[in-house]
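Trainee: I am new to this structure and would like a close look at one single part of it. Please start from one residue and show me what surrounds it.

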Amino acid sequence: MFLQLLINSLIAGAIYALVASGFSLIYSTCKFVHFAHGAVVAFSAYIAYLLFSIWGLNFWLAVILAIIFGAFLGWLINVLVYRPLRRKKSSSVILLIAGFATLIILESLILMFFGADVKTIDFIQTAEGLEFFGAIITPLQIVIVIVSVILFILLFLLMKKTRIGKAMRAVADNTEVAEIVGISAERIHSWSFIIGSAIAGIGGILIGLEQNLEPTMGTNLVIKGFTAAIIGGIGSVPGAVLGSFLLGAAENFGIWYLPSGYKDAIAFVILFIFLLFRSQGILGIKKS
Amino acid sequence: MFSAYIIHLLILIGIYMILSLSLQLAMGYSGLLNLGHVAFYAIGAYVSALLALAGVPFWICIILAGLVAMLFGFLLAIPTNKLKGDYLALATLGFTFVVYAVTLNWTDLTRGPLGLPGIPKPVLFGISFSDNLHFLFLTITIAIISYLIIKQIARSPFGKALQAARDDELAAEILGKNTFKLKSYSLAISAFFAGIAGSLYAHYITFIDPSSFTIMQLIPVLAIVIIGGLASLEGTLLAAIILTLIPEPLRFIGFPSSIIGPARQIIYALILLLILIFRPRGFFGKVKLE
């Protein structure tokens with residue numbers, strides 16, 4: 001039982017981390033809560049479903065197109081919604097409400113086009129689970145964990161080694177100084193949205209393969225991603241990944257004591273606790 | 001038939017007015033970006049419905065609906081007191097999800113996803129409000145009373161202190177105002193009226209389930225408050241009328257209801273987005289959204 005819960009925590013953590021890392025990347029450079037991030041995850045998953053399950057495209061082609069779509073959607077939201085608001089020097093609260101409105105628009109669009117019923121991407125027939133000391137893990141779940149670990153390493157290398165990653169960190173640290181040394185903050189914002197949303201797209205597809213697709217899945221995921229980011233330290237991508245695994249563990253071990261329907265409520269209670277007592281998160285540094 | 005439809009719309013407008021006027025008190029006058037307002041609405045609806053189904057008279061149901069919601073307003077104010085802006089918005093939004101999870105999972109009390117059917121129509125002083133015209137009078141009366149009370153609160157020294165704390169918390173504290181007390185009273189009063197609105201909704205529709213109180217329901221209310229303009233009660237009333245009516249033509253074009261639902265949400269969210277981009281103060285807003 002313990003081992004099974006541990007494995008479940010790991011898988012849930014990997015899924016949350018796919019959402020939280022992109023969210024956190026965008027937060028670190030743009031300094032606002034990109035609420036519509038969840039809708040990017042959901043929309044990419046539905047596009048993969050549309051291309052593969054309805055139009056019958058080759059699976060890998062469908063996956064690549066869905067990821068590109070996710071990146072494009074994130075970029076588009078930034079250009080159409082956030083950029084005009086930033087130009088007007090809107091407060092981060094306005095950006096948050098705008099993101100919330102965007103999320104509702106995208107979820108409603110999904111509802112209109114795909115209907116309210118639950119969808120599944122049936123690429124992988126339910127395979128026999130592998131057994132480890134009495135705990136069961138499916139091959140797909142192993143893939144999810146491996147893909148997310150590879151992505152986090154790539155993201156880490158991107159942030160540390162490449163020019164664009166360094167520019168992102170500069171903007172995250174101090175936008176004004178970064179602009180003085182010739183980095184275009186607007187361009188970095190765009191790149192954060194593209195990269196963050198591409199990760200969201202990959203996350204969406206993996207979630208779609210592992211669980212069912214529902215129009216409102218995005219809201220739930222963005223709240224989880226946000227909670228994970230707060231736990232780990234908002235604006236820190238490694239923090240978000242750490243927070244995701246902790247959140248996954250808290251939820252899965254929490255339902256040892258509580259009915260499983262309260263899984264989501266556990267996340268919010270943790271969110272409250274962190275907002276109250278350690279709003280800078282575990283890895284975050286408190287700014288005065 | 002047509003007039004029945006008009007009466008239905010007017011009742012909805014009345015309920016939205018109470019709901020958005022109360023959010024206006026928290027958001028506009030106290031500067032608390034409370035995205036948990038729907039949770040108070042849900043609490044009011046469930047409290048009132050459960051009491052009414054247990055045979056409690058309507059006037060007790062609706063008052064207790066308000067009071068229980070108020071109590072939760074206090075409870076929410078305690079942990080969120082120090083939070084500002086984004087953090088407050090997300091913490092209060094989280095509260096909506098917690099309430100939703102409880103209504104969905106505490107099946108012994110709420111019957112979970114099955115919902116509560118057969119909520120009795122109100123009877124007050126021996127008058128039954130079972131037909132919609134009577135219900136409309138009841139809704140309008142309560143909406144007017146709510147408006148007058150909230151207006152009075154906004155004008156009172158307490159309301160002035162709230163606005164002072166909104167504009168400059170430190171200055172208000174230096175003048176000896178207890179801003180925690182101010183903010184928590186404001187949130188509690190706001191929750192009280194949301195609970196009243198929830199009670200009216202429950203007794204009007206006579207059926208409630210958790211899906212009636214998701215964050216989707218927040219969008220119209222938030223749109224009304226922001227479009228009307230922060231700290232403007234008249235703007236809120238006007239926006240409540242306009243926004244309730246705007247998606248109605250969809251019904252006559254003959255779209256199926258599976259399209260109308262999401263289309264309404266898209267219209268509200270789009271209006272909200274456009275107003276944030278082009279006129280963030282709304283029509284009659286007195287303060288900026290921060």
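Leaving aside its neighbours within four places in sequence, with which residues is B:Leu272 in contact?

Mentor: Happy to help! This is a predicted model, in which local features need pLDDT of at least 70 and side-chain atom pairs count only at pLDDT 80 or more, while totals for chains, interfaces and linings use all residues. Residues are numbered from 1 along each chain as its sequence is written, and chains are lettered from A and ligands numbered from 1 in the order in which they are written.

Now to your residue. Setting aside neighbours within four places in sequence, B:Leu272 is in contact with B:Ile219, B:Leu222, B:Ala223 and B:Ile226, and also with A:Ala101 of the other chain. Two residues are in contact if their C-beta atoms, placed from the backbone, lie within 7 Å.

B:Leu272 and A:Ala48 are the residues with the most contacts inside the largest nonpolar core, which has 210 residues. Such a core is a set of buried Ala, Val, Leu, Ile, Met, Phe, Trp, Tyr and Cys residues joined through C-beta atoms within 7 Å. Buried means that 20 or more other C-beta atoms lie within 10 Å of a residue's own; with 12 or fewer it is exposed, and in between partly exposed. The largest share of the 210-residue core, 15 residues, comes from helix α9 (residues 179-205) of chain B. Helices (H or I, at least four residues) and strands (E, at least two) are DSSP runs, numbered from the N terminus.

That helix has a partner in its own chain. The axes of α6 (residues 132-155) of chain B and α9(B) come within 12 Å and cross at roughly 175°. Axes are lines fitted to C-alpha atoms, for helices over the stretch in contact, and angles run from 0 to 180 degrees between N-to-C directions. The crossing makes α6(B) roughly antiparallel to α9(B); angles over 145 degrees carry that label, those under 35 are roughly parallel, 65 to 115 roughly perpendicular and the rest oblique. Among the residues that make this contact are B:Phe135 and B:Ile142 of α6(B), and B:Phe193 and B:Leu200 of α9(B). By class, the contact has eight nonpolar, two polar and no charged residues. Here Ala, Val, Leu, Ile, Met, Phe, Trp, Tyr, Cys and Pro count as nonpolar, Asp, Glu, Lys and Arg as charged, and the others, Gly among them, as polar.

Past the end of this helix, B:Thr206 lies in the loop between α9 and α10 (218-228) of chain B. B:Thr206 has a positive phi of about 65° although it is not a glycine. Most residues other than glycine have a negative phi. With 15 C-beta neighbours inside 10 Å, B:Thr206 counts as partly exposed.

Your residue's partner A:Ala101 also leads us to the place where the chains meet. In total, 35 residues of chain A are in contact with 34 residues of chain B. On the chain A side, the elements giving two or more residues are α3 (59-87), α4 (92-114), α9 (217-232) and α11 (263-277). Of these, α4(A) supplies the largest share, 14 residues. By class, this side of chain A has 25 nonpolar, nine polar and one charged residues.

One last stop is the loop between α3 and α4 of chain A, where A:Lys89 lies. A:Lys89 also has a positive phi, of about 60°, without being a glycine. With 7 other C-beta atoms within 10 Å, A:Lys89 is exposed.
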